[in-house]
Amino acid sequence: MDNRWYVIVNPHAGSKKARADWPEIRKILIKKNFDFESVYTERRYHATELTIQAIEGGYRHLIVVGGDGTLNEVVNGVFKQTLIPTTDITIGVVSVGTGNDWGRMYKMPSKYKKQIKVIRKGNTILQDVGQVTHNYADEAHKHFFINIAGMGFDALVAKKTNIAKQRGIGGAFMYLLNLVIGLFQFNHNIISIKNGNNIIFSGKVFSMSIGICSYNGGGMKQLPMAIPDDGLFDVTVIRKISKVKIVRNIGNLYDGSFLKLKEVETFTGSEFEVISTPKCSLYLETDGESLGNSPLYFRIIPKAARLIIKKK
């Protein structure tokens, strides 16, 4: 069983592109001599359940066919199972999502044939993983992520984009459209950020990103200096800022040069606490998936996920 691959396919990924393209992807896997079993996800968090079942069934090699959200669910399955160490599981990705921001960090190819070739070569990185405890329905919930967690305006845009995806409308253009529309609906949040016992930020914010890799939102370079295996989160905070200035600098989000704005602050660290006023007013998304709200507690798990990437 150890040499077999368990392939988790999200048929709704990429505005249902995964369902249409799966026969092609399957043929390539067969041609490349993969010994595999495949299964479709049927609902939200189903990939997490399937991952746990696969590991309990003896699988140690997983392939995700979907987007960043599907990969996030699989990673949560790896970290919520208690049978074996997380680093004993190898994860490969065939990107069929709308953002594919995790793969952008490693300059992964866009063609299926080349992605599967990367998986076959099996070059891996032990990447850091983020853990966040958030509030949902007045209860504390724990969630894992391997890319970026967004708060404030980022979380609003993610929520609007996810609603659009449920209606079958996705893509980077939809994200950009929701970004512009959201500007006229968003009110700044009042937050405090603690690193250990020290308050390192307090005030009104437009958005906040904390993560391990650099990109989110379909190519926006929110954490330009991020190193995915250094044991540290990178944090970007955009303080209260005018809508006109945001519109003028949207292009700068894609190359990271927005960090030069006077309203932007950056931090690094392994643990952060984010508190908002009012208490539950700051909303959260991780790897593009909408979750709960503040208070939020982040901690890094160093070099904890074994992911297949392209050789440098």
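This briefing covers salt bridges, a charged surface patch, one helix and two single residues. The model is predicted. The count of salt bridges comes to 7. Lysines gather in a patch of positive charge on the surface. Helix α2 packs its buried residues against three strands and a helix.

**Salt bridges**

- Aspartate 35 forms a salt bridge with arginine 4, with the closest N and O atoms 3.2 Å apart. Aspartate 35 sits in the loop between α1 and β2 and arginine 4 in the segment before β1, so the pair ties together parts 31 residues apart in sequence.
- Aspartate 35 is partly exposed at 44% relative accessibility. Arginine 4 is also partly exposed, at 24%.
- Aspartate 101 and arginine 104 meet through their side chains in a salt bridge of 2.6 Å, N to O. Both belong to helix α4 (residues 101-105), and their spacing of 3 residues puts them about one helical turn apart.
- Aspartate 101 is buried, with a relative accessible area of 3%. Arginine 104 is partly exposed at 33%.
- Arginine 239 and glutamate 265 form a salt bridge at 2.9 Å, N to O. This pair links distant parts of the chain, strand β12 (residues 233-239) and strand β13 (residues 264-269), with the two residues 26 apart.
- Arginine 239 is partly exposed at 27% relative accessibility, and glutamate 265 is partly exposed at 26%.
- Glu42, Arg43 and Glu49 are joined into one network by salt bridges that share partners.

**Positive surface patch**

- The patch holds Lys31, Lys107, Lys111, Lys113, Lys114, Lys117, Lys121, Lys310 and Lys311.
- Helix α5 (residues 112-121) contributes the most, with 4 residues.
- Lysine 311 lies in the segment after β16 (289-308). Its relative accessible area is 60%, so lysine 311 counts as exposed.

**Helix α2**

- Helix α2 spans residues 46-56, and its buried residues are His46, Ala47, Thr48, Leu50, Thr51, Ala54 and Ile55.
- These buried residues pack against β1 (5-9), β2 (36-40), β3 (61-66) and α3 (68-80).
- Glycine 58, just after α2, takes a positive phi of about 105 degrees.

**Single residues**

- Serine 207 lies in strand β9 (residues 198-211). Serine 207 is buried because its relative accessibility is 4%.
- Beyond neighbours within four places in sequence, serine 207 contacts Met151, Phe153, Asp154, Thr236, Val237 and Ile238.
- Histidine 12 lies in the loop between β1 and α1 (13-31). Histidine 12 is partly exposed, at 45% relative accessible area.
- The C-alpha atoms of histidine 12 and threonine 41 are 8.7 Å apart in space, and the two residues are 29 apart in sequence.

Technical notes:
Residues numbered from 1 in each chain as written. Predicted model: local features only at pLDDT ≥ 70, side-chain atom pairs only at ≥ 80, totals over all residues. Heavy atoms only, no water. Buried < 20%, exposed > 50% of the residue type's maximum accessible area, 1.4 Å probe, protein only. Contact = heavy atoms within 4.5 Å. Patch = residues over 30% accessible without salt bridge, like charges linked within 9 Å, V, L, I, M, F, W, Y side chains within 5 Å. Areas by Shrake-Rupley, 256 points an atom, 1.4 Å probe, with all protein chains shown as cover. Salt bridge = Lys/Arg side-chain N within 4 Å of Asp/Glu carboxyl O. Lys, Arg positive; Asp, Glu negative; His and termini not counted. Charge placed at Lys NZ, Arg CZ, Asp CG, Glu CD.
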